[in-house]
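Hi everyone, thanks for having me. I'd like to walk you through one structure today, so have a look at it first.

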Amino acid sequence: MFYIHQTSCISHQPTFHEVDLENLNRSDNNQLLAVEPKYSNIPIGQLRRMGRALRMGVGTGMQLLEHNQTDGIIIGTANSGIEDSITFLNQILDYQEGRLTPTNFVQSTFNAIAGLLGMITKNTGYNATHVHRGLAFENVMLDAIMRLNENPEHSYLIGGVDEISVRNYRMEAMAGWYKTEEVSNLDLYQTETPGSLPGEGAAMFIVNHKKDEAIAKLRAIQLLNVLEPKAIAAQLSQFMQQHLSDTEPIDLFLSGENGDQRFFKYYAACEKVIGPNTTIARFKHLTGEFQTASALALWLGCHFLQTQSIPAHAVKYIGDRNGLNRVLVYNNYHGEQHSFMLLERGGGN
Amino acid sequence: MDKEAEKLKLKEHIIRYLNLLQVTPDDIKDDMPMFREGLGLDSIDSIELVVMLEREYGLKIENPKEGRRILTDVNSMMEFIEQGRAKQNEA
């Protein structure tokens, strides 16, 4: 458990400076590329060497680290700067393992984002990167929970980042993970075909054990691997019993439904457990599908709790709860890696 | 290719290899220092320039001490390229 105090996000929607979730940016060519801001907070000499994932990760991280001292930086990324990785691998072939430049290699290592953030801000504290595919960001949260249990006075920057790589996109498309027909993100949930729309982005958070002035409290998190929908539903039921009392209803179920009909059964099973009184909203039409999309879901959950409003285009079903105090996020990646996150408004109880 | 065209090509290579955002060949004066003041490059950039000379011109800086002099500015790099080509032609 920890409290979330500040957040930063770069996504396909305007989320970095002025947040506007009402006027939805449409997908372009079946992709939800991030709308990158002008990175005034990254030294220009370093910015010119960075690929998209690094720019997004360092840009969002710096927005928070400029105003906060932390005791460590914990980043989740499935692929980090994979475009630079592939460029470097191709150079190994093209130049027969000779005449290789350092930049693509250095920038493409998984821990480059956390490392650069540490170096730019001269933060010599705990610095870790988790790379567990669709649960990379969830593992960051577990790490932060354990660090804070051992060091209750500490603060950490945590976040999740991934980019759409041109080459990797082709491979993932061939594996059947993306829609083959032209689909707008506005129509993502109306499709009856396999595949989703790819996305990218970064979301960062300052977390600690200080209740005062917190945006939200992460009350619980659970990670699950490769389970049938019935088992996921049973796990969700158990999760709710374990972490919520009878007087603490879920006001919003934030679902990672992604338009891929192969995985709809998981979300439908969870919706049954949540019951008819809880509002259901979806977020993949805002972010697209990628391994660390759950970091953006957490950012959205915090934003909804802070603003006490949910954009109409995200709402799937309107429940009868008054107010927005508790959000339960359920996401799965490729139907194999599942997570529940229970968020509460402000400092919680 | 005349010398000015060669210099323009070299400046384009420098911009591309170092991903110098918002810099045009016209911004790089022939005698502008590459490091610290001037273009403000750093040690990683120097390695990129060494690789660029190898890849684009087939020229290797054998002695690291010479590297500092060769990479001083566009004029010194151009001089190194011309000398290297002359040696290549002799061989």
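**A walk across the sheet**

Let's start at one small spot: Ile280(A) sits opposite Tyr317(A), which belongs to strand 9 of chain A. Keep in mind that this is a predicted model. Strand 8 and strand 9 of chain A run antiparallel and are joined by two bridges.

Now look at strand 8 of chain A, residues 279–282. Which way do its residues point? Thr279(A) and Ala281(A) go one way, Ile280(A) and Arg282(A) go the other way, and all are buried. That fits a general pattern: in a regular strand, side chains alternate between the two faces of the sheet.

Next door, strand 7 (residues 252–255) of chain A runs parallel to strand 8 of chain A, with four bridges between them. One pair to find there is Ser255(A) with Arg282(A). Add helix 9 (residues 264–274) of chain A to these two strands, and you get a right-handed β-α-β unit.

Okay, let's zoom out. How many strands form the open sheet in chain A? Eleven, in the order 3-2-4-5-1-6-11-10-7-8-9, with mixed pairing. Strand 3 (126–130) and strand 9 (315–317) of chain A are the edges, each pairing on one side only. On average, neighbouring strands are turned by 25° against each other, ignoring direction.

Helices join in too. Helix 2 (residues 52–65) of chain A packs on the sheet, touching strands including strand 1 (2–10) of chain A. Helix 8 (residues 229–243) of chain A lies across strand 6 (216–225), strand 10 and strand 11 of chain A.

Key: Residues are numbered from 1 along each chain as its sequence is written. Chains are lettered from A and ligands numbered from 1 in the order in which they are written. This is a predicted model: local features need pLDDT of at least 70, side-chain atom pairs count only at pLDDT 80 or more; totals for chains, interfaces and linings use all residues. Two strands pair if DSSP finds at least two bridges between them. Axes are lines fitted to C-alpha atoms, for helices over the stretch in contact, and angles run from 0 to 180 degrees between N-to-C directions. Two residues are in contact if their C-beta atoms, placed from the backbone, lie within 7 Å. A residue is buried if 20 or more other C-beta atoms lie within 10 Å of its own, exposed if 12 or fewer, and partly exposed in between; C-beta atoms are placed from the backbone. A crossover is right-handed if, with the strands pointing away from the viewer, the path from the first strand over the helix to the second runs clockwise.
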